[in-house]
Amino acid sequence: MDSSKDKTSTECPVGHKTTSPSSESCPVDHSARSIWMKPESASRLPAPSANPLTSEESLGKVRDVSSIPRAEAFTYNGGEGGHGGAVRGSSNWVYPSEEMFFNAMKRKHWNPQAQDMKTVVPIHNAVNERAWMEILKWEASTGANSCGGPKLVSFSGDSGKLSPRARINMLFGYQRPFDRHDWVVDRCGKRIEYIIDFYTGRQNPENPSIPSFYLDVRPKLTPEGAWMRFQKFVGLT
């Protein structure tokens, strides 16, 4: 079995719109953020800039607005970075600032370096943008656009929980994914579950300093997910 089937590589970084520190949270489970700084990922980071961040006080507080629509807009009260106040959430999920990402990693007892945040945060954002693009491909032929398109309801991450496909691939000698996410998508009022396995990709010889990841994105094996997979397998979508 080819573990690269249904996977997509992504290179970072990419740009997004920006917002104030008090906007809504990002589409990544807080407990999964430290995975992006594991040795196998951190060793692939580009070299720091000539003027790296040297202190926690210099960490950026601006947050990037994702392209991922939220299923419900709701009021935000406080957050990881200690930014209080109540503001109406935007229609899209919002990624953590450098400061929020750094503090989340500290709470998980990792040893983040302030100068790494300029690289780690854009990587985190770009990979999740790519995951959403792959979900949109699955949703393209489902009629979701008739009701405003699919929207992300919830998300969770558990790097220690292997999906059945990942287990089978490992039996055939393929690498273990370094992270797993479970995303729930709203399709015209119907909840569709997706599994995303994240793999470290091969370096591009033309750009060896740019990290590469493979994403295996597919519907969970519910009755609806199994039907979607069958349709794709036989070429109906």
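Helices here are DSSP runs of at least four residues, numbered from the N terminus. With that in hand, here are some close-ups of what is a predicted model.

**View 1. Just past the end of helix H5, a glycine takes a positive phi.** Gly235 sits just after H5, and its phi is about 80°. The helix itself covers residues 223-233.

**View 2. Helix H5 keeps its buried residues on one face.** Start with Gly225, Met228 and Gln231: these residues of H5 are buried. Look down the axis of H5 and the buried residues fall within an arc of 125°, so they line one face of the helix. What do they pack against? The partners are H3, E8, E9 and strand E10, the last of these spanning 212-219. Now go round to the other side of H5, where Pro223 and Phe233 are exposed.

**View 3. A nonpolar patch turns up on the surface.** Trp227, Phe230, Phe233, Val234 and Leu236 make this patch, and it comes to about 580 Å². Phe233 may ring a bell, as it is one of the exposed residues of H5 from the view before. Trp227 belongs to helix H5 too. Is Trp227 buried or exposed? The answer lies in between: its relative accessibility is 45%, so Trp227 counts as partly exposed.

**View 4. His109 has a positive phi without being a glycine.** Find the loop that runs between helix H2 (98-107) and helix H3 (117-139), and His109 is in it. Its phi is near 65°. His109 counts as exposed because its relative accessibility is 74%, and the cut-off for that label is over 50%. Helix H3, at one end of this loop, has come up already: the buried residues of H5 pack against it.

**View 5. Cys188 is another non-glycine residue with a positive phi.** Here phi is about 55°. Where is Cys188 found? Look in the loop between strand E8 (179-187) and strand E9 (190-200). Both strands are also among the packing partners of the buried residues of H5. As for Cys188, its relative accessibility is 43%, so it counts as partly exposed.

**View 6. Strand E3 is largely enclosed.** E3 takes in residues 63-69, and five of the seven are buried, so the rest of the structure largely encloses this strand. Which strand pairs with E3? That would be E6 (residues 92-94), in the antiparallel sense and over two bridges. To spot the pairing, look for Pro69, which stands opposite Asn92 in E6.

Terms used. Residues are numbered from 1 along each chain as its sequence is written. This is a predicted model: local features need pLDDT of at least 70, side-chain atom pairs count only at pLDDT 80 or more; totals for chains, interfaces and linings use all residues. Side-chain values use heavy atoms; hydrogens and water are left out. Buried means under 20% relative accessible area, exposed over 50%, partly exposed in between (1.4 Å probe, protein chains only). The arc is that of the directions from the helix axis to the C-beta atoms. Contact means heavy atoms within 4.5 Å. Patches are made of residues with over 30% relative accessible area and no salt bridge: like charges are joined within 9 Å, nonpolar side chains (Val, Leu, Ile, Met, Phe, Trp, Tyr) within 5 Å. Accessible areas come from the Shrake-Rupley method with a 1.4 Å probe; for residues, only the protein chains shown count as cover. A salt bridge is a side-chain nitrogen of Lys or Arg within 4 Å of a carboxyl oxygen of Asp or Glu. Two strands pair if DSSP finds at least two bridges between them.
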